[in-house]
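Biologist: Before we begin, could you put the sequence and the model side by side for me? I should like to ask about a few places in turn.

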Amino acid sequence: QVQLVESGGGLVQAGGSLRLSCAASGSIFSINVMGWYRQAPGKQRELVATISSGGSTNYADFVKDRFTISRDNAKNTVYLQMNSLKSEDTAVYYCVAEIRRRGLPPQFTHDYWGQGTQVTVSL
C-alpha cells in the first residue's frame, strides 16, 4: 500500500509565494522520479516540474525561474517552492511519484498520485 499526501495549497496574492509538500508512505522500496502536475479549470493536466532520485530537475517553460522543485529522500517527500505567482498559476496541483514497491522486481514500478491541492492566485 502506497499513499501520497499533499499539503501547502491555499490563496495567495499575485506576486506572492507558496510551498507545496507531498509525502509518500507505505510499502516503498525506492522512489525514482517525483514531480508535480497541475490542472486549471477547462484545461488539461500539464507537467510543472520533475526531479530524479539523484536530484536532476526539469521544468516547464512557464514556471522556469519562478518555481523550484526539491526532495528529501530520507522523508520520501517532494516540495514545490512557488514564487512570483501569477493568476494563471491558479490550478489544482498534483504530485506524482514513480515507486518501486517492496517485494516486486525493479521493472515493476508504478506512478502514484496525490489527491491534489488547490492553489488560487488572486489578481
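Modeller: What follows is a short set of questions and answers on this model. The model is predicted, so to speak, by computation: local features need pLDDT of at least 70, side-chain atom pairs count only at pLDDT 80 or more, and totals for chains, interfaces and linings use all residues. Residues are numbered from 1 along each chain as its sequence is written, and side-chain values use heavy atoms, with hydrogens and water left out.

Biologist: Is threonine 77 buried or exposed?

Modeller: Threonine 77 belongs to strand β8, residues 77-82, where a strand is a DSSP run of E with at least two residues, numbered from the N terminus. Buried means under 20% relative accessible area, exposed over 50%, and partly exposed in between, with a 1.4 Å probe and protein chains only. Because its relative accessible area is 7%, threonine 77 is buried.

Biologist: Which residue has its backbone oxygen 2.9 Å from a polar atom of the side chain of threonine 77?

Modeller: Contact means heavy atoms within 4.5 Å, and threonine 77 touches residues including Cys22, Met34 and Asp72, if residues up to four places away in sequence are not counted. The backbone oxygen that lies 2.9 Å from a polar atom of the threonine 77 side chain is that of lysine 75.

Biologist: Is glutamine 44 buried or exposed?

Modeller: Glutamine 44 lies in the loop between β4 (28-39) and β5 (46-51). Leaving aside neighbours within four places in sequence, glutamine 44 is in contact with Arg38 and Gln39. Because its relative accessible area is 70%, glutamine 44 is exposed.

Biologist: Along strand β11, which side chains point to one face and are buried?

Modeller: The side chains alternate along β11, residues 117-122. Gln118, Thr120 and Ser122 point to the other face and are not buried, while the buried face has Thr117, Val119 and Val121.

Biologist: Which residue in β11 is the bridge partner of alanine 91?

Modeller: Two strands pair if DSSP finds at least two bridges between them. Strand β9 (residues 91-101) runs antiparallel to β11 and is joined to it by three bridges. The partner of alanine 91 in β11 is valine 119.

Biologist: Which element gives the largest share of the largest nonpolar core?

Modeller: A nonpolar core is a set of buried Ala, Val, Leu, Ile, Met, Phe, Trp, Tyr and Cys residues joined through side-chain atoms within 4.5 Å. The largest one has 32 residues, and Leu80 and Tyr93 are among those with the most contacts inside it. Its largest share, five residues, comes from β9.

Notes: Helices (H or I, at least four residues) and strands (E, at least two) are DSSP runs, numbered from the N terminus. A polar contact is a pair of N or O atoms within 3.5 Å; within protein, one must be able to donate a hydrogen and the other to accept it, and residues adjacent in sequence count only if both atoms are side-chain atoms.
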